[in-house]
Amino acid sequence: MDPGTGAVVGAACAVAAAPFVLGAAGFTAAGIAAGSLGAKMMSAAAVANGGGVAAGSIVAALQSAGAAGLSGAATGAVAGAGAAVGWLASFFH
């Protein structure tokens, strides 16, 4: 696969997979699922912050994305990461 094609495919796949990955990790529209990776992250963040999850933390950002979808900036970041992975993968045949 040509590196440019690999980058496009990687970007598209990463953006398409993001909602499913967030849901599988427990970041859902209904909140963080009990017993999930998201719940463990939330617990650790709360302990580290003296009982609450800090606004703007990674847990808060992931929950926001799980509940409302990716923002434009987050979509760009995910697409960029996927493009980089796709581009790199294109060199391994």
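Helix 1 and helix 4 are oblique to each other, because their angle falls in none of the other classes (under 35 degrees counts as roughly parallel, over 145 as roughly antiparallel, 65 to 115 as roughly perpendicular, and the rest as oblique). Helix 1 covers residues 3–24 and helix 4 covers residues 72–89, and the two pack at an angle of about 135° with their axes 6 Å apart. The axes are lines fitted to C-alpha atoms, for helices over the stretch in contact, and the angles run from 0 to 180 degrees between N-to-C directions. Helices (H or I, at least four residues) and strands (E, at least two) are DSSP runs, numbered from the N terminus. This is a predicted model, in which local features need pLDDT of at least 70 and side-chain atom pairs count only at pLDDT 80 or more, while totals for chains, interfaces and linings use all residues. Residues are numbered from 1 along each chain as its sequence is written, and side-chain values use heavy atoms, with hydrogens and water left out.

Helix 1 passes helix 4 in a right-handed crossing, that is, with the near helix turned clockwise from the far one by less than a right angle, an anticlockwise turn being left-handed. Helix 1 brings Pro3, Gly6, Ala7, Gly10, Ala11, Ala14, Val15 and Ala18 to this contact, and helix 4 brings Thr75, Val78, Ala79, Gly82, Ala83, Gly86 and Trp87, where contact means heavy atoms within 4.5 Å. By class, these residues divide into 10 nonpolar, 5 polar and no charged; Ala, Val, Leu, Ile, Met, Phe, Trp, Tyr, Cys and Pro count as nonpolar, Asp, Glu, Lys and Arg as charged, and the others, Gly among them, as polar.

Two further residues of helix 1 can be followed towards helix 4. Thr5, in helix 1, is partly exposed with a relative accessible area of 39%, on a scale where buried means under 20%, exposed over 50%, and partly exposed in between (1.4 Å probe, protein chains only). The C-alpha atoms of Thr5 and Trp87 are separated by 7.7 Å, although the residues are 82 apart along the chain. Ala12, also placed in helix 1, counts as partly exposed at 47% relative accessibility, and from Ala12 to Gly86 the C-alpha distance is 9.6 Å across 74 residues of sequence.

A second helix pair is formed by helix 2 (residues 37–48) and helix 3 (residues 58–68), whose axes come within 9 Å and cross at roughly 145°. Here the crossing is left-handed, and the contact is made by Met41, Met42 and Ala45 of helix 2 with Ile58, Val59 and Leu62 of helix 3. This contact has 6 nonpolar, no polar and no charged residues.

Ala45 and Val59 also belong to the largest nonpolar core, which has 6 residues in all and includes Leu22, Ala25, Phe27 and Ala65 as well; such a core is a set of buried Ala, Val, Leu, Ile, Met, Phe, Trp, Tyr and Cys residues joined through side-chain atoms within 4.5 Å. Leaving aside neighbours within four places in sequence, Phe27 is in contact with Leu22, Ile32, Gly38, Met41, Val59, Leu62, Gln63 and Gly66.

Ser36, in the loop between strand 2 (31–32) and helix 2, counts as buried at 11% relative accessibility.
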